[in-house]
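Hi,

Here is the structure you were after. Have a look through it first, and my notes follow underneath.

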Amino acid sequence: QAAAPLHPVAVQCQEARVVVRVHRDLFGTGRPVRAADLTLGSAACSPVAQNAAESTVTFVAGLHECGSALQMTPDSLIYKTSLFYKPTPSGNRVVVRTNAAVVPIECHYPRKSNVSSNAIWPTWAPFRSTLSAEERLVFSLRLMNDDWSAERLSNGFQLGESLHLQADVASGDHVPLRLFVDDCVATLSPDRNSSPRYALVDLSGCLVDGRSDDTTSAFISPRPRQETLQFTVDAFRFAGDERNLIYITCHLKVSPADQAPNPLNKACSFNKASSLWAPVEGTGDICSCCETGNCP
């Protein structure tokens, strides 16, 4: 609620900080308290702004700043702090005309049904394979922002959002190459063979995650260039596991750009409108094994 004589303290719990706005008529008596007598938290943080016209004082502090305390419950993260009013004598230094006051402040954040800021770390070590004595291919997999214009700075996702993944190969002066994502698997540890594990891409280029009823995961068509392949995956977490860190391991490969895609080298997504598998390039029959599971 707005800071006013009837509700003299207004609190905004933002993503990474708390904003406290205090009306100087703290007790509703028409006698404003001195701004210098107001502090926030056990660290006694001072206000960052005053508004003389509205007779308000504003505090801004990070959730972990000013001596705040964190309490964790099964469902919530609760950040606790207090607004302190400690009157000091002014004018007549023998008496004070108001009592000290403490206003407890709490910010509650849900712990479940989301993925926190350590969901995925978009700095995979490049995989390098030797093509010949002179030529080396450098593969990369990056987490991109929503319009694919740059690498994503944040590594956290909420459930309901989409991961934008971009695979690239840098081949130097080699003959033109076309990149494919052979398979991708999600695990809770760096070991791609650990359990539980969930296949996102399988069967030599079938984005099997998009086959599920409640997903929109798909390869992006057309490609921006032959040596790049983009795809989206709906954010998820493993059922029954509250850990927020998920590892995604992908196997990338190339074929000559002038070689037509085939069941071994393909990028296929499931089209829910037509209930058919469709390739980014090539004829539709190369994706038929995505449904039967008999891919090379």
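**What sits around Phe-231**

Leaving out neighbours within four places in sequence, Phe-231 is in contact with Trp-148, Leu-163, His-164, Leu-165, Val-181, Cys-184, Leu-207, Ala-218, Phe-219 and Ile-220 (contact means heavy atoms within 4.5 Å). Before you read too much into any of this, note that the model is predicted: local features need pLDDT of at least 70, side-chain atom pairs count only at pLDDT 80 or more, and totals for chains, interfaces and linings use all residues. Residues are numbered from 1 along each chain as its sequence is written, and side-chain values use heavy atoms, with hydrogens and water left out.

**The cores**

Phe-231 also turns up in the largest nonpolar core, which has 31 residues; Val-181, Phe-219 and Phe-231 are the ones that touch the most other members. By nonpolar core I mean a set of buried Ala, Val, Leu, Ile, Met, Phe, Trp, Tyr and Cys residues joined through side-chain atoms within 4.5 Å. Buried is under 20% relative accessible area, exposed is over 50%, and partly exposed is in between (1.4 Å probe, protein chains only).

Which elements give two or more residues to this core? They are strands E10 (136-144), E11 (162-170), E12 (177-187), E13 (197-201), E15 (228-234) and E16 (247-256). E12 gives the most, with five residues. (Strands, E, of at least two residues and helices, H or I, of at least four are DSSP runs, numbered from the N terminus.) Apart from this core lies another one of 20 residues, among them Val-18, Leu-26, Tyr-79 and Leu-83.

**Sheet and hairpin**

E12 comes back in an open sheet of three strands, ordered E13-E12-E16 with antiparallel pairing (two strands pair if DSSP finds at least two bridges between them). E13 and E16 are the edge strands, each pairing on one side only. On average, neighbouring strands here are turned by 20 degrees against each other, direction ignored; axes are lines fitted to C-alpha atoms, for helices over the stretch in contact, and angles run from 0 to 180 degrees between N-to-C directions. The antiparallel E12 and E16 are joined by 10 bridges, and Val-185 has Thr-249 in E16 as its bridge partner.

Val-254 is in E16 too, and it counts as partly exposed because its relative accessibility is 24%. Setting aside residues up to four places away in sequence, Val-254 touches Leu-137, Phe-139, Val-169, Leu-177, Arg-178 and Leu-179. Its C-alpha atom is 8.2 Å from that of Glu-227, although the two are 27 residues apart along the chain.

Further along, four bridges join the antiparallel strands E17 (residues 268-271) and E18, with Asn-271 standing opposite Leu-276 in E18. Their hairpin has four residues between the strands, and Ser-275 takes a positive phi near 55 degrees in it. Side chains alternate along E18 (residues 276-279): Trp-277 and Pro-279 point to one face and are buried, whereas Leu-276 and Ala-278 point to the other and are not.

**Salt bridges**

Side chains of opposite charge can pair when their charged atoms come close. Counting a side-chain nitrogen of Lys or Arg within 4 Å of a carboxyl oxygen of Asp or Glu, there are 11 salt bridges.

- Arg-21 pairs with Glu-54, the closest N and O atoms being 2.1 Å apart. Arg-21 lies in strand E2 (residues 17-23) and Glu-54 in the loop between strand E4 (49-51) and E5, so the pair ties together parts that are 33 residues apart in sequence.
- Asp-183 pairs with Arg-192, at 2.9 Å between the closest N and O atoms. Asp-183 is buried, at 15% relative accessibility, while Arg-192 is partly exposed, at 26%.
- Glu-281 and Arg-223 meet at 2.8 Å, N to O. Glu-281 is in the loop between E18 and helix H1 (288-292) and Arg-223 in the loop between strand E14 (218-219) and E15, so parts 58 residues apart in sequence are tied together. Glu-281 is buried at 19% relative accessibility, and Arg-223 is buried at 12%.

Salt bridges that share partners also join Arg-142, Asp-168 and Arg-225 into one network.

**One more residue: Thr-56**

Is Thr-56 buried or exposed? Thr-56, found in strand E5 (residues 56-62), is buried because its relative accessible area is 3%. Not counting residues up to four places away in sequence, Thr-56 touches Arg-21, Val-22, His-23, Ala-49, Gln-50 and Asn-51.

Cheers
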